Amino acid sequence: MRLVVDELSKVAASKDTTLLLTGETGVGKEVACRLVHSLSRPAGSPLVVVDWPGLARESRGESALRT
């Protein structure tokens, strides 16, 4: 687990990085995103979490990623 946190810390230290985490349900993707966001430069800005399965159509999901 420490290796994962170390790698996420490296990502958070990068400038102007967009992160998309994918994986099985219940593996901690949102926890990882919140950690990266809290350690990143724009930590004061809002974190946008997209519940992909909650989107009805693929086109809605694609537009969410573009904004």
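**Exercise 1. Work out how much space the second largest pocket of this predicted model holds, and which residues line it.**

Solution. Start with the volume: the second largest pocket has about 240 Å³ of space. Next, go round the wall. Met1, Val4, Val5 and Leu8 are among the lining residues, and so are Leu21, Val27, Gly28 and Lys29. Val31, Ala32 and Leu35 are on the lining list too.

Now sort the wall by class. Nine of the lining residues are nonpolar, one is polar and one is charged. Gly counts as polar and Lys as charged, so Gly28 and Lys29 fill those two slots.

Last, ask where the wall comes from. Both H1 and H2 give at least two residues to the lining. H2 has the largest share, with four residues.

**Exercise 2. Find the buried residues of H2 and say what they pack against.**

Solution. First, pick out the residues: Ala32, Val36 and His37 are the buried ones in H2. Then look down the axis of H2: these buried residues stay within an arc of 135°, so they line one face of the helix. Finally, check the partner, which is helix H1 (2–13).

Ala32 is worth a second look, since this buried residue of H2 is also part of the lining of the second largest pocket.

**Exercise 3. Decide whether Leu35 is buried, partly exposed or exposed, and trace its contacts.**

Solution. Place the residue first: Leu35 sits in helix H2. Its relative accessible area is 27%. Buried would need under 20% and exposed over 50%, so Leu35 goes down as partly exposed.

For the contacts, skip the neighbours within four places in sequence; Leu35 then touches Val5 and Leu8. Val5, Leu8 and Leu35 all turn up in the lining of the second largest pocket as well. For a long-range check, take Ser9: it is 26 residues from Leu35 in sequence, yet the C-alpha atoms are 8.1 Å apart.

**Exercise 4. Do the same for two loop residues, Asp16 and Leu47.**

Solution. Take Asp16 first. It lies in the loop between H1 and H2. With 81% relative accessibility, Asp16 counts as exposed. Along the chain, Arg41 is 25 residues away from Asp16, and their C-alpha atoms are separated by 8.9 Å.

Now Leu47. This one belongs to the loop between helix H2 (29–39) and helix H3 (58–66). Its relative accessibility is 32%, so Leu47 is partly exposed. Beyond the neighbours within four places in sequence, Leu47 is in contact with Arg34 and His37. His37 is one of the buried residues of H2. Cys33 gives one more distance: it is 14 residues from Leu47 in sequence and 8.6 Å away, C-alpha to C-alpha.

**Exercise 5. Zoom out and describe the protein as a whole: which elements does it have, and how much of it is buried?**

Solution. Count the elements: there are three helices and zero strands. Read from the N terminus, the order is α-α-α.

Then burial: 10% of the 67 residues count as buried. For the surface, the accessible area comes to about 5700 Å², with 56% of it belonging to carbon and sulfur atoms.

Close with the contacts. Among those with a separation of 6 or more, 37% link residues 24 or more positions apart.

Note on methods:
Residues are numbered from 1 along each chain as its sequence is written. This is a predicted model: local features need pLDDT of at least 70, side-chain atom pairs count only at pLDDT 80 or more; totals for chains, interfaces and linings use all residues. Side-chain values use heavy atoms; hydrogens and water are left out. Buried means under 20% relative accessible area, exposed over 50%, partly exposed in between (1.4 Å probe, protein chains only). Contact means heavy atoms within 4.5 Å. Accessible areas come from the Shrake-Rupley method with a 1.4 Å probe; for residues, only the protein chains shown count as cover. The arc is that of the directions from the helix axis to the C-beta atoms. On a 1 Å grid over the protein atoms alone, a cavity is a set of points where a 1.4 Å probe fits but cannot get out, and a pocket is an open set with protein on both sides within 12 Å along at least five of seven lines; lining residues have an atom within 4 Å of a point. Grid points are joined across faces, edges and corners, and a volume is the space filled by probe spheres set on the points.
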